[in-house]
Amino acid sequence: MVVKLETIVDHMPELEEILEEFKQSDVLVGIPERRGSRGSGALNNAELLFIHTHGVRKKAMREEMQENMDTGSPYSEAYQLYIQEHGSPLWHSPPRPVLEPAITDRKEEIAGELSKAAASLLERNPIGFQIGLHRAGQVAENAARDWFTNPKNGWAPNSPLTVEEKGSSNPLIDTGQMRKAITHVVRQKEAEEYA
């Protein structure tokens, strides 16, 4: 009689540790505060990107927004104050979102880079893991920067007055400051953030 012994190794604690490390990492794409300034004391690049993403509203819409805000709708106080007190330098500007549609457009490529990062983490290669996260961030950053001229963006064209004033029919392309300010950051969360 032959007795076959089988050794079972429980890798679950090791896998849980690896997954926890992955959960503690964020890849953020946008305009960090330190890169937001336009140097003129006007709106910064991050604020402009927010306005272009969500559009600006006419007076009737602002009044409707106020009613919604009074009942608890989630508009930020800074945005509310700016629109209510000063209006917008971009009246009648339609929404021209950048970050979400650009990242959605390249999600397969971004997911591929995140898969490589995860594989590096499983191989206990922390440098490869960080490189993979940065590569995913770089793909997303480039996608957002390219979105300004990507025909898939579906943006409304500039108004004839805007074309006359800036000499171009390309929406959101003037100085290029906002576009160049978009970047990515890989960040490790603090333990209390996800506990």
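Among the contacts in this chain between residues at least 6 apart in sequence, 72% join residues at least 24 apart, and it helps to keep this in mind while you move through the model, which is a predicted one.

**The whole chain**

Begin with everything displayed as a cartoon, where you can trace ten helices and two strands; followed from the N terminus, the elements run α-β-α-α-α-α-α-α-α-α-β-α. If you switch to a surface, you are looking at about 12900 Å² of accessible area, of which 54% belongs to carbon and sulfur atoms. Buried residues make up 30% of the 195 residues in the chain.

**The largest nonpolar core**

Next, select Ile-31, Leu-49, Val-98, Phe-148, Trp-155, Met-178 and Ile-182, which, of the 15 residues in the largest nonpolar core, touch the most other members. Colour α2 (45-54), α7 (126-147) and α9 (177-181) as well, since each of these helices supplies at least two residues of this core, and α7, with three residues, gives the most. Now centre the view on Trp-155 and show its surroundings: beyond the neighbours within four places in sequence, Trp-155 is in contact with Arg-96, Pro-97, Val-98, Trp-147, Phe-148, Pro-171 and Leu-172. Apart from the largest core lies another one, of six residues, and among them are Ile-18, Ala-117, Leu-133 and Val-186.

**Helix α6 and the loop after it**

Select residues 107-122, which form helix α6; its 16 residues reach 22 Å from the first C-alpha to the last, close to the 22 Å expected at 1.5 Å a residue. Within α6, show the side chains of Ile-110, Glu-113, Ala-117, Ser-120 and Leu-121, which are buried. On how many sides of the helix should you look for them? They lie on the same side of α6, because they cover an arc of only 105° around the axis.

Moving on along the chain, select Arg-124, which lies in the loop between α6 and α7. This residue has a positive phi of about 60° although it is not a glycine. Is Arg-124 buried or partly exposed? Its relative accessibility is 38%, so Arg-124 counts as partly exposed, a class that runs from 20% to 50%.

**Ile-103 in helix α5**

Step back to helix α5 (residues 99-105) and select Ile-103 there. With a relative accessibility of 28%, Ile-103 also counts as partly exposed. Leaving aside neighbours within four places in sequence, its contacts are Val-29, Ile-110 and Ala-140; Ile-110 is one of the buried residues of α6 that you have already displayed. For a distance to check in the viewer, draw a line between the C-alpha atoms of Ile-103 and Asn-142, which are 39 residues apart along the chain and are separated by 9.3 Å.

**His-184 in strand β2**

The last stop is strand β2 (residues 183-188), where you should select His-184. This histidine is buried, because its relative accessible area is 14%, and the limit for buried is under 20%. Which side chains make polar contacts with the side chain of His-184? One is that of His-134, joined to it by a polar contact of 3.2 Å, and another is that of Glu-141, where the polar contact is 2.7 Å. To complete the view, show the residues that His-184 is in contact with outside its neighbours within four places in sequence, namely Leu-28, Val-29, His-134, Gly-137, Gln-138 and Glu-141; Val-29 in this list is also a contact of Ile-103.

Methods
Residues are numbered from 1 along each chain as its sequence is written. This is a predicted model: local features need pLDDT of at least 70, side-chain atom pairs count only at pLDDT 80 or more; totals for chains, interfaces and linings use all residues. Side-chain values use heavy atoms; hydrogens and water are left out. Helices (H or I, at least four residues) and strands (E, at least two) are DSSP runs, numbered from the N terminus. Buried means under 20% relative accessible area, exposed over 50%, partly exposed in between (1.4 Å probe, protein chains only). A polar contact is a pair of N or O atoms within 3.5 Å; within protein, one must be able to donate a hydrogen and the other to accept it, and residues adjacent in sequence count only if both atoms are side-chain atoms. Contact means heavy atoms within 4.5 Å. The expected span of a helix is 1.5 Å times one less than its number of residues. The arc is that of the directions from the helix axis to the C-beta atoms. A nonpolar core is a set of buried Ala, Val, Leu, Ile, Met, Phe, Trp, Tyr and Cys residues joined through side-chain atoms within 4.5 Å. Accessible areas come from the Shrake-Rupley method with a 1.4 Å probe; for residues, only the protein chains shown count as cover.
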